[in-house]
Amino acid sequence: NIIQTRTRIESDNPTSVLRLPSGSELLNYHTKQLTGRDDPPKMASSTVSFIIIIIITTVLLPSLSSQLSDLFPSNNPPPFLGKHSHPIKQPNHHQQYRYETRYFSQPLDHFSFLDLPRFRQRYLINTEHWVGPSRSGPIFLYCGNEGDIEWFAVNTGFVWDIAPRFGAMILFPEHRYYGDSMPFGSKEEAYRNATTLSYLTAEQALADFAVLITDLKKNLSAEGCPVVLFGGSYGGMLAAWMRLKYPHVAVGALASSAPILQFEDIVPPETFYNIVSNSFKRESSSCFDTIKNSWNALRSEGQKEDGLKQLSKTFHLCRELTSVQGLSDWLDSAYSYLAMVNYPYPSNFLMPLPGHPIREVCKRIDGSPAGSSILERIFNGVSVYYNYTGEVDCFQLDDDPHGMDGWNWQACTEMVMPMSSDQNTSMFPAYDWDYSAFREGCQRDFQVTPRPRWITTEFGGHDIEHVLKSFGSNIIFSNGLLDPWSGGSVLKNISETIIALITKEGAHHIDLRASSTEDPDWLVEQRATEIKLIQGWIYNYSKKMKATFEI
């Protein structure tokens, strides 16, 4: 269940690059949708057959494809975790994670010398197990994601679990423009327009982390203490990039589920939704088919006279739909996040979910009562994600998916991650990546034009093997192949110190979750390997520092 490299001895035989499973083509799908039959109808004349085929392929199918693609606009922001982050209202519930909340005065713009206002960056710190500067106690720094830092802190148990054995300080700095770390004094002012949001970039966030840790080490006389970076998802991308951009600040980085290659044309744009689809298909081909066919049923129902009212009733919505789009986005989010947190044990990370949640979703879709409509089956399935506890009476859809949200802004400026859905391999409506439509949406919502090539210019991405082998070291890229973001990450060993740890049954940064008695053996083994590699970074750093001191 685990594909990984443990020591230098194994580094000569790196894990091969993942080839995404394509999924078998669904035979006669469009014919069935248009005719209601599994097989194409027999024609009396080959000429008539030819004419009908021309009509279907040149008129009806493009129309159907266009209609379904309208349900699935390509300008939606990539589904990262920030929308689920929230302030921890009852910290006593998380007594096992004790920390002090502090604030650090950061420059608004690290890359100019203008006299701009500063802002207070929140960070969480724990020194309970830190052995101090006299013993070169390491500092574990988690690179804050696109959300409230307390939420990420209590959901990153691995760092807390291993800190005592390393005698490490724990540091969770918050990403600017999220949580309590708001420039201009408030979220309302920070998010006012493109001018105030212009300082929300990955580069500025990394500079925040570098300035904070440098200042903190100086104040604690801990300049000789090694810093190890951690991060998951977008935070994992930041951890990898920070190790590359600031190698003198940190000795290594664990970048879990970090899709640093999900840009431009580095990986196929259909990769994400192919992996989501395959996660459902491997549980049940009929479940896959039901979801695939449901989009057409959704649109057809929505076009009826009282269709939106009926859809609102079928899906137990708190307010009546004004369009099918909101419901489509709601379903897409459920399927995508289910694939990301398809953990082998119950979790409460995004929502209260059972172990193997996709398996449970498919059981409910396939096991719906006889006579259930396709949309009733879909509701039964997604209720696993949205209402597994049974405590929700009605569901509230997002009011404005294109509102002034920090991650939407980042996706519209530099975090441009092309997405598409393949007609043959995906259970989602087929659509192509349409940069023009994406750009128009960003100009409408934020009055900005995206820079789709900026991330690869700033941090690299093309020819990643050569670049990392030549200029990088001490980075672990950990991925579970059930995670749809794994297809955009580094999935092979690059060198003796750029290591890929791949688990076949792993999901979105499962290795960063707290250890539990329910952990499968492959997860225990993966974490043990990560600990060994981190120990090696710290040992080599200490050895070099000692040699330098003796000289």
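**Helix H15 and its surroundings**

In this predicted model, the buried residues of H15, where buried means under 20% relative accessible area (1.4 Å probe, protein chains only), are Gly406, Trp407, Asn408, Trp409, Gln410, Ala411, Cys412 and Thr413. That is eight of the eight residues of the helix, which spans 406–413, so H15 is largely enclosed by the rest of the structure. Helices here are DSSP runs of H or I with at least four residues, strands are runs of E with at least two, and both are numbered from the N terminus.

Before I go on, residues are numbered from 1 along each chain as its sequence is written, and side-chain values use heavy atoms, with hydrogens and water left out. Because the model is predicted, local features need pLDDT of at least 70 and side-chain atom pairs count only at pLDDT 80 or more, while totals for chains, interfaces and linings use all residues.

What covers the buried residues of H15? The cover includes H6, H7 (202–219), H8 (234–245) and H16 (435–446). At the N-terminal end of H15, aspartate 405 acts as a cap, with a side-chain oxygen 3.0 Å from the backbone nitrogen of tryptophan 407.

Turning to H6, which runs over residues 194–197, we find threonine 196 there, and this threonine is buried at a relative accessible area of 11%. Leaving aside neighbours within four places in sequence, threonine 196 is in contact (heavy atoms within 4.5 Å) with residues including Phe184 and Tyr191.

Phenylalanine 184 itself sits in the loop between strand E5 (169–173) and helix H5 (187–190), and its phi is near 65 degrees, a positive value in a residue other than glycine. Most residues other than glycine have a negative phi.

Note on methods. Buried means under 20% relative accessible area, exposed over 50%, partly exposed in between (1.4 Å probe, protein chains only). A polar contact is a pair of N or O atoms within 3.5 Å; within protein, one must be able to donate a hydrogen and the other to accept it, and residues adjacent in sequence count only if both atoms are side-chain atoms.
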